[in-house]
Amino acid sequence: MLTEDNNDEDVSLFDAEEDAGKKSKKKLKHPLASFFHLFFRVSAVLVYLLCGLFSGSFIACMVAIILLLSCDFWTVKNITGRLMVGLRWWNQVDHDGRSHWVFESRKGVGKPPASESESRIFWVGLIVCPMLWVLFAFSTLFSFKIKWVEQETLSFIRENLEKSDQQTKGMVSILSSFESRLMQLENSIIPVHKQTENLQRLQENVDKTLSCMDHVISYYHVAKDTDRIIREGPTGRLDEYLACIAKIQKAVEYFQDNNPDSPELNTVKARFEKGKELLEAEFRSLLTRYSKPVPPILILDAISLDEELEVQEDVVLEHLPEAVLQDVICIAGWLVEYGRNQDFMNVYFQIRSNQLDRSIKGLKDHFRKNSASSGILYSPAVQTKRKDTPTKKSPKRPGKDDVLDIEIDSYIHCISAFVKLAQSEYALLVEVIPEHHQKKTFDSLIQEALDNLMLEGDNIVSAARRAIMRHDYSAVLTIFPILRHLKMNKAEFDSTLQGTAASTKNKLPTLITSMETIGARALEEFADSIKNDPDKEYNMPKDGTVHELTSNAILFLQQLLDFHETAGAMLASQVLGDTYNIPLDPRETSSSASSYTSEFNKRLLSTYICKVLGNLQLNLLSKSKVYEDPALSAIFLHNNYNYTLKSLEKSDLIQLVTVTQKKAENSYRELIEQQIQMYQHSWLKVTENLTSRNMPVFQPGSKLKDKERQVIKDKFKGFNDGLEELCKTQKGWAIPDKGQRDFIRQAQRRVVSEAYRAFLHRCANVSFTKNPEKYHKYRPEEVEEMIEKLFDTSA
């Protein structure tokens, strides 16, 4: 029983709030509750006393009294006790099913006190009424006037008691007679029973002796009875064969325990060993005969990553038919329990390891054949990334040749296939191999296939290392899709290899580290090669178009965009060596590059791209000095800067660049504008002939001096010669961007045309020569047409 009276503050009663403020102790605060507190009690007493005046029915009066007392019980327990004196109780059952009684009383400081009148009414009614009922009970008993019990009922009960007493006496006499007869029967039957029991015991002993003799004799016939089945082997009837082996085993145990010197012991032992050897041979035969490589199509279905394909159920890789699998499990269980032989586990992992390796090789061959027959399939590193650049030489596709691309795709598929097949092999192994040998056997089973995959990965790393030595940095991009795939599947890879040896689990992290290291090295050396490219005269475009270095650099960076997370992780491995001067967030500081956050890797890649673009800009500026004509140098830089900006915007590289350089786009636009202004300076030697500088002052109709006429002639001649020379030279230059080409043409045409028209207007009424057509060779419209043909090699 639990009480809560020990608490400083009692549990609130129905969360009821009492009226605040001090009230008179003699005033009834709850008159209605006080009324019903007395009403039900007094009513029950009145019904008991007066029910005979209104009804003669005992049941009706009893029901009325019980109902009134029940109402009184509930009212006192839940309402009047709480309101009038601050008491309440109830019963509760806890989680263990035990019942507890909880009592509550109002004791808290600040709670209004109970009214003395109500308290007196409550306790008087609660005590007086039970006392009245006790008084009624005693008065009824001592007066021998049990109310409401009818005389007829009492007479009926008295008669029945007398009859029952007579019947009891008769039954006692019958039982006494029956007991005496049983005693007589027992005295005559027991001797016969004992004799019969002795005979039965003798019979049982004889039967047991005969049975034991038959059982012993059967052991001497086991070798003969099982000879044919053992010689024929377990193929096709494994259950019958195992039953024979069990008989032989029991015979061996019998002779060892009872007759170890018997020649029969050697016979059954030899038969048992022969049977065990045949079981081992059957185990090898079943695995060899029914273990087949998983078809490549089924493997591709299992590793399919097509998000649009809604596969309703997982692809099940079935390695053995169900019936064969059950036989293999049965043989393995027998060899462990009775054969005391674990060699079958070596047989198992050798056969299954060979099939696992053949399945992966079959997938690789299937992938190559289908790739060759369906056309060249580019690896994810370079596919959909070929873009024509405006160089005159056809752009060469970066990276390895098509065969290597197919090898990369095949390797990615084989990695996924290995995980799925290894998981499937482990599920099969769990059913065959004992639990405490499963991890070790699984480790041995996957070694050959895993080693081949790691060796192929090492070969890819070695090929990338050789490509770096040849300065063929685009070839290293083939590592990126592999590395990304390995990292995406590393968690599943580790889960699959859980429980294997540490050397086995470390093979994939070692390969990932090698790829990250060689990739980071390639990125660094590529950035340095862009800065230190020695080619300054050879292969320089004569028309000032985009340099091949620019197109290759942009193409390389665009290919990094698809693998920005992978490239960022590669660069993160160089952060600890202070390759990049990037402030580290304390949350990102760690001894492992894998601990850097995605945002930090993104900043690293952005810094790297900005570094490459900066090196490219410095190299282009150095190369532009090869041109003797400053205008062609400006056109060359303009084309390269414009191509870089357009490529960044088109491939969303600009968003990655702006992570660290917010104003990168504006910077390129300023550089482009500067080169346009540099180019426009080349026209000053043409337009300066049209200015009023050194122009003679003359009045209309006045005659010019020879010196003044010569000045005008020189201006015309200088304009004509400069215009012809520039148009002839710049017509062979190239501006691949049509928008920029039209903009530069229009700006230059406007400047030259306006200056030329103003010059002609000043010289319109001046007679400076007898042959004006010799100097006035071009009309303004013709000058505009000549400028419109600039940067047009087909004109």
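Helices here are DSSP runs of H or I with at least four residues, strands are runs of E with at least two, and both are numbered from the N terminus.

**View 1. The whole chain, to get our bearings.** Welcome to a predicted model whose protein chain holds 27 helices and 2 strands. Of its 795 residues, 41% count as buried. Among contacts in the chain with a separation of 6 or more, 79% join residues 24 or more positions apart. The accessible surface comes to about 46,300 Å², and carbon and sulfur atoms own 55% of that area.

**View 2. Valine 102, set in strand 2.** Strand 2 covers residues 99–105, and valine 102 is found there. Its relative accessible area is 1%, so valine 102 falls under the 20% limit and counts as buried. Look for tryptophan 89 as well: 13 residues separate it from valine 102 in sequence, while the C-alpha atoms are 5.5 Å apart in space.

**View 3. Proline 736, in a loop between two helices.** Helix 24 (706–730) and helix 25 (738–762) are linked by the loop that holds proline 736. With 35% relative accessibility, proline 736 is partly exposed, because that value lies between 20% and 50%. Valine 546 is 190 residues away from proline 736 in sequence, yet the C-alpha to C-alpha distance is 8.2 Å.

**View 4. Cysteine 61 and cysteine 71.** Cysteine 61 is buried, at 7% relative accessible area, whereas cysteine 71 is partly exposed, at 35%. If you are hunting for disulfides, a search of the whole structure finds 0.

Conventions. Residues numbered from 1 in each chain as written. Predicted model: local features only at pLDDT ≥ 70, side-chain atom pairs only at ≥ 80, totals over all residues. Heavy atoms only, no water. Disulfide = S-S within 2.5 Å. Buried < 20%, exposed > 50% of the residue type's maximum accessible area, 1.4 Å probe, protein only. Contact = heavy atoms within 4.5 Å. Areas by Shrake-Rupley, 256 points an atom, 1.4 Å probe, with all protein chains shown as cover.
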